[in-house]
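Work through the exercises below with the sequence and the model at hand. Each task is followed by a solution in steps.

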Amino acid sequence: MFRPTSVVLALVFILQVVLQIVRGAAILEGRPYHDEPYYPTDLDGANSTKYNELSAGLKWNKSLLTYNIINYPVAVPADLIRSSIRHAFDAWSEVTNLDFVESANAAQVDIQIGFEGVNHYRRGVPCQFSQEITLAHAFFPEAGDIHFNTKYFFTGDTSIEQFLNTAVHEIGHSLGLFHSSSRDSIMYGAQLELRSKPQPEDIQAIQAIYGVRSGIRPTTQAPTSATRPTVKVIKPRTTTNLCSLESYDTIVIDHRGHICVLADRFYYNLNETNPPARKISAKWPKLPPKVDAAVTYRDQKTYFFKGAQYWKYDKRQLEERYPRPTDVGFLGLPSSIDALLLSKGGGFLVFKDQQYWFYDTRKAKPVEWYYPKSTDEFAGFPKRLDAALVTAEGRRFIFSGLRYWEVDDNNYVIGRGGDVRRDWFNC
Ligand SMILES: [Zn+2]
Ligand SMILES: [Zn+2]
């Protein structure tokens, strides 16, 4: 028998279901971070499989980590940013055996924190947010750096609470945590309700890596003034003084952000005052003298090219199975290259004599058939390069003998060449 009340009840029920779906969808959406963290994938792709399996234990092999906020957004007092970041680190430190100390020496810290546009640099190497709407992103251990998108932080209506939530989430990645499928986790892929610290399951996850908090935490007071590292100057023995160098093999920024000039069996660290000649073999064991070119990639690994081979160093240690043939690791590149320059959009340029090749790290066939091309395409380019590099600020320089030039994004020389000895060697 037809009863109007059952129709009403059925309608109410349907309405409830619909409401729940709508609400459910809204909850699922939240505000996604769009921040798939970077794996320390290598320039030559050698380690990508390992990390793609997600089996690799991404962790810091030390418990005291340093950080530095390399720049600040304009619209918010720097103190507020600093205390929020401090709060976010403390929230993790309270529950696990990790300590974080703010350090004034940006180049040396474990975790650099910056506010960046969509295309930016990380320690001199191009870095991009995967989408314009990415809130922030972070590098897994032991890279760790965190970049906040200036489009959100702090323009428009983004609150400090949202920033704090994002900071706690990104630090989670920096420490080795992946996204969680649980909405109760700070590591969920979207912002639901704003939180200021790790949740119970996040605490479990971080403790599984670094253990339950034990002992007293050291002071986390930030140093107030710049503390330059005291540099031990070792007297050079029967070696050429930097200022009397007539030529050099290459210039590379190492994994610590130090600019090193390599000449024969020696290198000079330009971040030191009056840098002495130090033995290359002491810093990069097994590296031969007179390398052709070198680069440190965003995985912080340093690659040296010489003849038909290349060497890959994880910090100061030569990786297993290296050197390898260049045409195996970097299909399509010539041997005996002159210089290598990372490009803004990913990939890099390789120079040899008056020719260049573009190597696109994202493609299966990284070098197109139409390479090499002539460097005549680049206005003002010198005939032959000795070195090329991108600074931490993202400025790009090429070197030919004792002259250098800054180049723009299209590799056109900006202005007249400068003197390498005067401007780089500080002579
Ligand atoms: Zn994330
Ligand atoms: Zn970045």
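**Exercises on a metal site and a sheet**

H179 is partly exposed, with a relative accessible area of 28%. The model used throughout is predicted.

**Exercise 1.** Identify which residues coordinate the zinc ion (ligand 1) and give their spacing along the chain.

Solution. Step 1: list the donors. D35 appears twice, through OD atoms, and H169, H173 and H179 each contribute NE2. The distances run from 2.0 to 2.5 Å. Step 2: put the donors of the zinc ion (ligand 1) in chain order, which gives D-x133-H-x3-H-x5-H. Step 3: place D35 and H179. D35 lies in the loop between β1 (31-32) and α2 (48-52), while H179 lies in the loop between α4 (160-174) and β9 (190-191). The two are 144 residues apart, so the pair links distant parts of the chain.

**Exercise 2.** Decide whether D35 is buried or exposed.

Solution. Step 1: take the relative accessibility of D35, which is 1%. Step 2: apply the cut-off, by which buried means under 20%. D35 therefore counts as buried. Step 3: set H179 beside D35; at 28%, H179 is partly exposed.

**Exercise 3.** Find which strands pair with β2 and which residues stand opposite Y67.

Solution. Step 1: strand β2 (residues 64-69) runs parallel to β3 (residues 99-102), with four bridges between them. Step 2: β2 is also parallel to β4 (residues 111-116), joined by three bridges. Step 3: Y67 faces E102 in β3 and I111 in β4. Step 4: trace the connection; β2, helix α3 (residues 78-93) and β3 form a right-handed β-α-β unit.

How values were computed: Residues are numbered from 1 along each chain as its sequence is written. Chains are lettered from A and ligands numbered from 1 in the order in which they are written. This is a predicted model: local features need pLDDT of at least 70, side-chain atom pairs count only at pLDDT 80 or more; totals for chains, interfaces and linings use all residues. Side-chain values use heavy atoms; hydrogens and water are left out. Donors are N, O and S atoms within 2.8 Å of the metal (3.2 Å for Na, K and Ca); water is not among the atoms, so sites may look incomplete. Buried means under 20% relative accessible area, exposed over 50%, partly exposed in between (1.4 Å probe, protein chains only). Two strands pair if DSSP finds at least two bridges between them. A crossover is right-handed if, with the strands pointing away from the viewer, the path from the first strand over the helix to the second runs clockwise.
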